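I sat down with this model today and went looking for what holds its middle together. Here are my notes, in the order I took them.

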Amino acid sequence: MTQDELKALVGQAALQYVTPGDIVGVGTGSTVNKFIDALATMKDQIPGAVSSSVASTARLKALGIPVFEANEVAELSVYIDGADEIDAQGHMIKGGGAALTREKIVAAQSRRFVCIADESKMVKALGAFPLPVEVIPMASARLIRQFSALGGKAHLRLKDGAPLVTDNGQHILDVTGLQITDPLAFESEVNQWPGVVTVGVFAHQKASVCLLGTSSGVKTLTF
């Protein structure tokens, strides 16, 4: 199966975690787009969704699924999103699509995080994928130096030759050269650095379940 077919497979499989009558937390990215398309088949059974990005909001609305603001909803039963990397404990790196802050907010609002990914995203240790960190622009040069002290090389993410601006009006640093052996401690430390909005390690908001698309079908991992 192609990677695109695997994404469609896990997107469809995630429907079993959607409770009719509940608002659904929806993430961002190419795998989530497959889930949104699948969710449209049961849109009459749910009130709507809370979305983690402008792009996902547009896709949901185009398919006739109402979108609620996070502040309008007390708690979500489930948040469904992809990952750039996931380890055997359910810790993830996220933010390749630059929506990590809103993704972490919606994940924190949800009782259960269901990660949908293809098998290429499963890793023994986080860090091979460049770690996204959303930062306040005036702090970026100093934060690049702080990551350098940890052995990482941070670069400002560009789009069309200019710094990429997130949905929150901030910038993204992508950090290479790290091997994150203690994701919880790493996330806690970097989150304290002045100027960091969100680090793309999801250990405090880790996955409860991962639906992993493999050549032999969907593998369900529970953490």
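**Notes on the core and the sheet**

I began at Val-18, which touches Val-24, Phe-35, Leu-39, Met-42, Ile-46 and Ile-80, leaving aside residues up to four places away in sequence; contact means heavy atoms within 4.5 Å. A reminder to myself: this is a predicted model, where local features need pLDDT of at least 70 and side-chain atom pairs count only at pLDDT 80 or more, while totals for chains, interfaces and linings use all residues. Residues are numbered from 1 along each chain as its sequence is written, and side-chain values use heavy atoms, without hydrogens and water.

Next I looked up the largest nonpolar core (buried Ala, Val, Leu, Ile, Met, Phe, Trp, Tyr and Cys joined through side-chain atoms within 4.5 Å; buried is under 20% relative accessible area, 1.4 Å probe, protein chains only). I found 25 residues in it, and Val-18, Phe-35 and Leu-39 are among those with the most contacts inside it. Helix 2 gives the largest share, five residues; helices (H or I, at least four residues) and strands (E, at least two) are DSSP runs numbered from the N terminus.

Which residues of helix 2 are buried? I noted Thr-31, Val-32, Phe-35, Ile-36, Ala-38 and Leu-39. They lie on the same side of helix 2 because they cover an arc of only 160° around the axis, taken from the directions from the helix axis to the C-beta atoms.

Last, the sheet: I read an open one of seven strands with mixed pairing, in the order 3-2-1-4-7-15-16, where pairing takes at least two DSSP bridges. Strand 3 and strand 16 are its edges.

How values were computed:
Buried means under 20% relative accessible area, exposed over 50%, partly exposed in between (1.4 Å probe, protein chains only).
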